[in-house]
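Welcome! Please take a moment to look over the sequence and the 3D structure before reading on.

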Amino acid sequence: MNLRSLPDRKISIAFSLLALIVGSLIVFSFIGDGTTKLVCTGDSNNFRPTTVPMQLQAILHYATSKIVPQQSLAEISISFNVLKSISPCNFLVFGLGHDSLMWATFNPGGETIFLEEDPKWVQTVLKDAPDLKAFHVNYRTQLQQADELMNTYRSEPKCAPKKAYIKGNTQCKLALSGLPDVVYDKEWDMIMIDAPRGYFAEAPGRMGAIYSAAVMARNRKKSGVTHVFLHDVDRRVEKSYAEEFLCRKYLKDGAGRLWHFEIPPARNVTGDSFC
Ligand SMILES: C[S@@+](CC[C@H](N)C(=O)[O-])C[C@H]1O[C@@H](n2cnc3c(N)ncnc32)[C@H](O)[C@@H]1O
């Protein structure tokens with residue numbers, strides 16, 4: 001992952017972002033008041049009220065920050081356009097970053113939750129954006145196990161598409177079995193997978209996030225599809241896990257290194273394959 005950007009690209013992305021956020025204020029202003037009333041700092045009991053609307057915080061932040069989100073305007077626009085049509089919605093985001101305030105702001109009146117592997121990074125991001133609802137999570141995988149997990153998951157009945165579930169499913173290593181209850185208690189309309197890190201052997205990799213997003217989408221009881229966005233599909237593991245669990249046939253569109261899937265609920269499953 002290259003966290004640096006070229007200065008001219010930064011300026012154009014910063015202006016584009018500002019335009020997107022101002023646009024979102026106009027588009028979403030009739031949907032809700034956009035004020036987040038609770039703060040979560042990783043401990044679900046630790047809530048405190050805040051008064052400044054998140055949209056205003058976002059404008060101030062992006063207007064004054066030299067650091068912009070990593071996704072390009074074309075990539076961000078895909079999720080932005082979906083949010084324009086389904087917000088307020090339940091939006092689950094894997095990873096905290098410079099884009100987090102933007103995602104939360106794009107979903108006023110909805111529930112936007114962030115899952116982050118690095119507890120120190122949670123504190124760093126919340127210092128600047130205390131209204132984000134972020135949870136620290138532990139991953140049970142490492143990137144270097146990706147091929148083995150892909151080759152062996154079919155022999156673990158608890159991973160099978162017919163009965164797949166996430167909460168407490170410790171036998172299926174790809175299932176994110178120990179997430180905060182708030183994740184399991186909701187059905188997610190939109191899932192953004194831009195974390196955990198997957199660019200060195202000991203990093204958690206996105207195998208569990210991709211598998212779990214697929215299972216959550218397939219187990220959806222509400223009407224409609226689950227929109228799943230996966231970043232860094234230029235990497236072998238992200239691409240192969242997307243093709244195995246999110247399925248080419250559900251690939252709706254993409255831009256740059258981002259793929260957007262629309263995954264329908266899977267009822268009456270008979271086969272052994274996710275796709
Ligand atoms: C691939 S990055 C995604 C970054 C995000 N899309 C953005 O625009 O900032 C995902 C992970 O990298 C780590 N990360 C990102 N920026 C970081 C930073 N400045 N310092 C430490 N960790 C960072 C976090 O663990 C995060 O969940």
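This report looks at a group of strands and then at one helix.

## About the model

This is a predicted model, in which local features need pLDDT of at least 70, side-chain atom pairs count only at pLDDT 80 or more, and totals for chains, interfaces and linings use all residues. Residues are numbered from 1 along each chain as its sequence is written.

## Strand E3 and its partners

Let's start with strand E3, residues 111-116 (helices, H or I with at least four residues, and strands, E with at least two, are DSSP runs numbered from the N terminus). Five of the six residues in E3 are buried (20 or more other C-beta atoms lie within 10 Å of a residue's own, with C-beta atoms placed from the backbone).

E3 runs parallel to strand E2 (residues 90-94), joined to it by five bridges; two strands pair if DSSP finds at least two bridges between them. Here valine 93 stands opposite phenylalanine 114. E3 also pairs in the parallel sense with strand E4 (residues 133-136), over four bridges, and isoleucine 113 stands opposite lysine 133.

## Helices between the strands

E2, helix H4 (residues 100-105) and E3 form a right-handed β-α-β unit (with the strands pointing away from the viewer, the path from the first strand over the helix to the second runs clockwise). Another right-handed β-α-β unit is made by E3, helix H5 (residues 119-128) and E4.

## Two sides of helix H2

Which residues of helix H2 (residues 54-64) are buried? They are Met54, Gln55, Gln57, Ala58 and Tyr62. These residues cover an arc of only 155° around the axis (taken from the directions from the helix axis to the C-beta atoms), so they are on the same side of H2. On the other side, Leu60, Ala63 and Thr64 are exposed (12 or fewer such C-beta atoms within 10 Å).
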